[in-house]
Amino acid sequence: MITLKVNGKTHSLEISPESSLLWTIRDHLKLTGTKFGCGKGLCGSCTVHVDGKAERSCQMTVGDAQGKNITTIEGIPEGHPLKKAWVKEQVAQCGYCQPGQIMQAAELLAKDKNPSEAKIIKAMDGNLCRCGTYPRIKSAIILAAKEGQK
């Protein structure tokens, strides 16, 4: 029996501790906002927070995640400055990578309330967007940082 705390709710699951956190979140908990991208932890589409740190859920087992606080894109409130900025800056094109992008950006803003453009670029470097929305992602993070300071 595996117990996971996801988005503030505790779930008991009859699965192997070696099961992928990504597929457990998607298939067992039906939280499909977290996406499967490369399956190798290289693209960032599967990014979630584990105890507040952005992690690639495709590279983590539920055994490793047990006892930790996991947050998915569904756990980020709709009124969060990042989600509002994403809409205002019309960041999403196809949208597939956006949950992972927002999760990565949320970790950045949790650590640094007013990051420089260089810090934003460095923090977001491992999250890939095939549509090339990087300038809009950067603008949204800057806007969210400003809104978060109000």
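Which hand does the crossing of helix 3 and helix 6 have? These close-ups of a predicted model start there and then move on to a second helix pair and a few loop residues.

**View 1. Helix 3 crossing helix 6.** The answer to the opening question is right-handed: that is how helix 3 and helix 6 cross. Helix 3 takes in residues 81–88 and helix 6 residues 134–148, and the two pack with their axes 8 Å apart at an angle of about 135 degrees. That angle makes helix 3 oblique to helix 6. On the helix 3 side, look for Pro81, Leu82, Ala85, Trp86 and Lys88. Helix 6 answers with Ile137, Ala140, Ile141, Leu143, Ala144, Glu147 and Gly148. Sort the contact of helix 3 with helix 6 by class and you get nine nonpolar residues, one polar and two charged.

**View 2. Helix 4 crossing helix 5.** Here we have helix 4, residues 98–111, and helix 5, residues 117–124. Their axes come within 10 Å and cross at roughly 130 degrees, so helix 4 counts as oblique to helix 5. The crossing of helix 4 and helix 5 is right-handed. From helix 4, the residues making the contact are Gln101, Gln104, Ala105 and Leu108. From helix 5, they are Lys119, Ile120, Ala123 and Met124. By class, that gives five nonpolar, two polar and one charged for the contact of helix 4 with helix 5.

**View 3. Ser45, a buried loop residue.** Ser45 sits in the loop that links helix 1 (21–28) to strand 3 (47–50). Is Ser45 buried or exposed? Its relative accessible area is 5%, and since buried means under 20%, Ser45 is buried. Leaving out neighbours within four places in sequence, Ser45 has Thr34, Lys35, Phe36 and Gly37 among its contacts. Tyr96, Cys97 and Gly100 are also in contact with Ser45. One more landmark to find in this view is Gln104, 59 residues from Ser45 along the chain, with 9.7 Å between the two C-alpha atoms. Gln104 also turns up in View 2, on the helix 4 side of the contact with helix 5.

**View 4. Thr61, just ahead of helix 2.** Thr61 belongs to the loop between strand 4 (53–56) and helix 2 (62–65). With a relative accessible area of 16%, Thr61 is buried. What does the side chain of Thr61 reach? It gets to the backbone nitrogen of Asp64, at 3.1 Å. Not counting residues up to four places away in sequence, Thr61 touches Pro17, Glu18, Ser19 and Leu21.

**View 5. Asn7, with a positive phi.** Most residues other than glycine have a negative phi. Asn7 isn't a glycine, yet its phi is positive, near 50 degrees. You'll find Asn7 in the loop between strand 1 (2–6) and strand 2 (9–13). Asn7 counts as partly exposed, at 27% relative accessibility.

**View 6. Lys30, also with a positive phi.** What is the phi of Lys30? About 60 degrees, so a positive value, although Lys30 is not a glycine either. Lys30 lies in the loop between helix 1 and strand 3, which is also where View 3 found Ser45. Lys30 is exposed, with a relative accessible area of 61%, whereas Ser45 is buried at 5%.

Methods. Residues are numbered from 1 along each chain as its sequence is written. This is a predicted model: local features need pLDDT of at least 70, side-chain atom pairs count only at pLDDT 80 or more; totals for chains, interfaces and linings use all residues. Side-chain values use heavy atoms; hydrogens and water are left out. Axes are lines fitted to C-alpha atoms, for helices over the stretch in contact, and angles run from 0 to 180 degrees between N-to-C directions. Helices (H or I, at least four residues) and strands (E, at least two) are DSSP runs, numbered from the N terminus. Angles under 35 degrees count as roughly parallel, over 145 as roughly antiparallel, 65 to 115 as roughly perpendicular and the rest as oblique. A crossing is left-handed if the near helix is turned anticlockwise from the far one by less than a right angle, and right-handed if clockwise. Contact means heavy atoms within 4.5 Å. Ala, Val, Leu, Ile, Met, Phe, Trp, Tyr, Cys and Pro count as nonpolar, Asp, Glu, Lys and Arg as charged, and the others, Gly among them, as polar. Buried means under 20% relative accessible area, exposed over 50%, partly exposed in between (1.4 Å probe, protein chains only). A polar contact is a pair of N or O atoms within 3.5 Å; within protein, one must be able to donate a hydrogen and the other to accept it, and residues adjacent in sequence count only if both atoms are side-chain atoms.
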